[in-house]
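Me: Please take a close look at the lining of the largest pocket in this model. I would like to know what it is made of, and how the parts that supply it relate to the rest of the chain.

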Amino acid sequence: MWGVGRMATTEEHGDTGKVVLTEEMGFLDRIRATPAGRLTLKIVVGVLGTAIIVTGLIMVPFPGPGWLVVFAGLAVLATEFAWASRLLQIAKEKVMAATDWLKRQNWVVRIVVGALTLLVAAAIVWATVKFTLGIDLIEKARELLGRG
């Protein structure tokens, strides 16, 4: 419903020669119909998309959908900005190429790649907690297990 509507078509009005809309415009089409609306829409989409991307980047080092949120923010930006659309297309191609490469590998390579990914994620989480909160998770784990 929002932003999705039938394509607006135009035809010339016989008596005045003015171009008039012959079908109902979608919500976003009505906003884009004026210069102020186009500018407002670009600003709103830019701020919203950027906020989503920043939120996703904050989430990246932690377990969860960080990169998915970053790509969602890029998709929001791509609705109004051609550069974001091109960047999203390049990102999709790179992710698909990496995924296709990994699918062609044997199970040993897949396990090694998965283990390395988990190791990097764990190191990022450890470093983030250590340097932002001052808590050494390895030290805490040793204390908890009675070895420290």
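Reply: By class, the lining of the largest pocket holds 5 nonpolar residues, 2 polar ones and no charged residues. The model is a predicted one. The residues concerned are Trp-67, Phe-71, Val-95, Leu-102, Val-113, Gly-114 and Thr-117. The volume of this pocket comes to about 210 Å³.

Three helices each give at least two residues to this lining: α3 (66–78), α4 (82–104) and α5 (107–133). The largest share, 3 residues, is from α5.

The contribution of α3 can be taken next. Trp-67 and Phe-71, which both line the largest pocket, lie in α3, 4 residues apart, or about one turn of the helix. An α-helix has 3.6 residues a turn, so residues three or four places apart point the same way. The count of aromatic pairs in the model is 3. One of these joins Trp-67 and Phe-71: the ring centres are 6.3 Å apart and the planes stand at 35°, so the pair is tilted rather than stacked, a term kept for planes under 30 degrees apart. Another aromatic pair, Trp-126 with Phe-131, is edge-to-face, with 6.1 Å from centre to centre and 75° between the planes. Phe-71 has a relative accessibility of 29% and therefore counts as partly exposed. Trp-126 also counts as partly exposed, at 29%, whereas Phe-131, at 64%, counts as exposed.

Further along α3 is Leu-77. Leu-77 counts as buried because its relative accessibility is 4%, under the 20% cut-off. The C-alpha atoms of Leu-77 and Thr-50 are 7.6 Å apart in space, although 27 residues separate the two in sequence. Over the whole protein of 148 residues, 16% count as buried.

The second largest pocket, with a volume of about 170 Å³, bears on the same question. Its lining consists of Val-60, Pro-61, Phe-62, Pro-63, Gly-64, Gly-66, Trp-67, Thr-117 and Ala-121. Trp-67 and Thr-117 thus appear in the linings of both pockets. Helices α3 and α5 each supply at least two residues of the second lining. By class, that lining divides into 6 nonpolar residues, 3 polar residues and no charged ones. Charged residues are therefore absent from both linings, as these are classed here.

Phe-62, part of the second lining, also has a neighbour in space that is distant in sequence. Ile-124 and Phe-62 are 62 residues apart along the chain, yet their C-alpha atoms are 7.7 Å apart. Ile-124 is placed in α5. With a relative accessible area of 35%, Ile-124 is partly exposed.

The helices can also be set against the record. An unreviewed UniProt entry lists residues 39–60, 66–86 and 107–129 under "transmembrane region". In the model, the span 66–86 is 86% helix and 0% strand, and its end C-alpha atoms lie 21 Å apart. Residues 107–129 are 100% helix and 0% strand, with 33 Å between the end C-alpha atoms.

As for the rest of the chain, the secondary structure comprises 6 helices and 2 strands. Their order along the sequence is β-β-α-α-α-α-α-α. Helix α6 covers residues 137–145, and at its start a side-chain oxygen of Asp-136 comes within 3.1 Å of the backbone nitrogen of Ile-138. After α6 comes Gly-146, which has a positive phi, near 80°.

To return to the request, the lining of the largest pocket draws on α3, α4 and α5, with at least two residues from each. In that lining, α3 contributes the tilted pair of Trp-67 and Phe-71, while α5 provides the largest share.

Methods. Residues numbered from 1 in each chain as written. Predicted model: local features only at pLDDT ≥ 70, side-chain atom pairs only at ≥ 80, totals over all residues. Heavy atoms only, no water. Polar contact = N/O pair within 3.5 Å; in protein donor to acceptor, adjacent residues only side chain to side chain. 1 Å grid on protein atoms, 1.4 Å probe; cavity = no way out; pocket = protein on both sides within 12 Å on 5 of 7 lines; lining within 4 Å. Points joined across faces, edges and corners; volume = space filled by probe spheres on them. UniProt positions renumbered as here; feature names shortened; annotations may be inferred. Buried < 20%, exposed > 50% of the residue type's maximum accessible area, 1.4 Å probe, protein only. Phe/Tyr/Trp six-rings, centres within 6.5 Å; stacked < 30°, edge-to-face > 60°.
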